[in-house]
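Biologist: I've got the model open and I'd like to know what the labels on it rest on. Can you take me through them?

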Amino acid sequence: MNTEMTLHLAKYIKYMDDTRNVMVVIGNIEEVLISQYLYEQRHGISATDSSTQHRLMNACALAATSLSDRESWGWTLTLPGEDVGYFVGMEPEGMLCTRAKPADPLTKKVYLQRQKNDGPLMQSHFEPDTDCPVKTVEQYFNQVVQTETRVAVADKTGVLVQALPDAHFSGIAQMGNEELISLYTSKAQKGELKQLFEFLVFYECRCDEEMIYTMLDKLPRDQKEELFTGQNTIEIECPRCGRNYTASRKDLMN
């Protein structure tokens, strides 16, 4: 088998801590970063090596694993003072992709799109209180979902802890990131948590030539003409992962 096409699967595991009545997710993003590197190499995408982006990917994977039902999530963040904005997409089967683009450092905003199966598209937006991507995901749960939540990421390991009814959460809310990660990774290793399920996360994008052509084909003819501006072919970049596709005037204008 071509090793470049091998999926590197990261395990994100959801647990119950009955002693505090909280739900816990633990995961490590390392395998996703390996598959991201291979994906970018395979498709000639400029390499991504941003600790901010990696921490955001980890936090988004933790958030997706916390759900009772699988959903598609699309996070778009511009953090205070950052001249780069980030997108992270999560699919129900565990597929994750990301993209970084230049942004106005004076802008701060978060947009989140969620969709369950073929249900309605739900959209949320808020202003981040911090330039930390992990704290921004935490803020979403506390402010928008209104569920007490702590999200911590250190190196490549992440932990999400979420309050259930009658939870003992005050001590957890006050813990530092490394203390929280150490506590729950230790509890998991000792078998002191009740495992609920395992979610496998990997790096890929759902884009393909058919999807790109379908998107372009829906444009009015005058907009298609404007895109080509006398050229026979154009390069189209997937907004989710940065992969380039070549579109032909002949195929789209007939």
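Modeller: Sure, and let's begin with a cut-off: a residue is called buried when its relative accessible area is under 20%, exposed when over 50%, and partly exposed in between. Keep in mind that this is a predicted model.

Biologist: Okay, why is arginine 99 called buried?

Modeller: Its relative accessible area is 18%, and the limit for buried is under 20%, so arginine 99 counts as buried.

Biologist: What makes arginine 99 and glutamate 237 a salt bridge?

Modeller: The N-to-O distance between their side chains is 3.1 Å, and the rule asks for within 4 Å, so the pair qualifies. Arginine 99 sits in strand 5 (residues 95-102) and glutamate 237 in strand 11 (residues 233-237), so the bridge ties together parts 138 residues apart in sequence. Glutamate 237 has 33% relative accessibility, hence partly exposed.

Biologist: Which residues are joined into one network by salt bridges that share partners?

Modeller: Those are Glu91, Arg206 and Arg240. By the same rule the count comes to 13 salt bridges.

Biologist: How do you know that glutamate 204 and arginine 42 form a salt bridge?

Modeller: Their closest N and O atoms are 2.8 Å apart, and the cut-off is within 4 Å. Glutamate 204 lies in the loop between strand 10 (194-203) and helix 6 (209-217), while arginine 42 belongs to helix 1 (residues 30-42), so this pair ties together parts 162 residues apart in sequence. Arginine 42 is partly exposed, at 24% relative accessibility.

Biologist: And what makes arginine 20 and aspartate 17 a salt bridge?

Modeller: Here the closest N and O atoms are 3.6 Å apart, again within the 4 Å limit. The two partners get separate labels: arginine 20 has 22% relative accessibility and counts as partly exposed, whereas aspartate 17, at 0%, counts as buried. In general, side chains of opposite charge can pair when their charged atoms come close.

Biologist: Let's turn to the interior. What makes a set of residues a nonpolar core?

Modeller: The members are buried nonpolar residues joined through side-chain atoms within 4.5 Å. The largest core has 54 residues, and Trp73, Trp75 and Leu96 have the most contacts inside it. Helix 2 (residues 51-65) supplies the largest share of this core, eight residues. A second, separate core has 16 residues, including Val22, Val24, Val161 and Ala163.

Biologist: Which residues does leucine 96 touch?

Modeller: Leaving aside residues up to four places away in sequence, leucine 96 touches Val32, Met57, Ala61, Val88, Gly89, Met90, Val201, Phe202, Tyr203 and Glu204. As a rule of thumb, nonpolar side chains in soluble globular proteins tend to be buried together.

Biologist: Then why is leucine 7 called partly exposed?

Modeller: Its relative accessibility is 43%, which falls in the range between 20% and 50%. Leucine 7 is in the segment before strand 1 (10-17), and with Leu9 and Leu200 it makes a nonpolar surface patch of about 230 Å². Not counting residues up to four places away in sequence, leucine 7 touches Phe202 and Glu204. The C-alpha atoms of leucine 7 and tyrosine 39 are 9.9 Å apart, with their positions 32 residues apart along the chain.

Biologist: How do you know that asparagine 117 and aspartate 166 are exposed?

Modeller: Asparagine 117 has a relative accessible area of 64% and aspartate 166 has 71%, set against a limit of over 50%. Asparagine 117 is in the loop between strand 6 (109-115) and strand 7 (122-126), and its phi is positive, about 50°, although it is not a glycine. Aspartate 166 is in the loop between strand 9 (157-163) and helix 4 (170-173); its phi of about 65° is positive too, and it is not a glycine either.

Biologist: Last one: why is the protein called as compact as a globular protein of its length?

Modeller: First the inventory: there are eight helices and twelve strands. The radius of gyration is 20 Å and the globule rule gives 18 Å for 254 residues; those values are close, so the protein is as compact as a globular protein of that length. Of the 254 residues, 46% count as buried.

Conventions. Residues numbered from 1 in each chain as written. Predicted model: local features only at pLDDT ≥ 70, side-chain atom pairs only at ≥ 80, totals over all residues. Heavy atoms only, no water. Patch = residues over 30% accessible without salt bridge, like charges linked within 9 Å, V, L, I, M, F, W, Y side chains within 5 Å. Areas by Shrake-Rupley, 256 points an atom, 1.4 Å probe, with all protein chains shown as cover. Helix = DSSP H or I, 4+ residues; strand = E, 2+ residues; numbered from the N terminus. Buried < 20%, exposed > 50% of the residue type's maximum accessible area, 1.4 Å probe, protein only. Contact = heavy atoms within 4.5 Å. Rg over C-alpha atoms; globule rule 2.2 N^0.38 Å.
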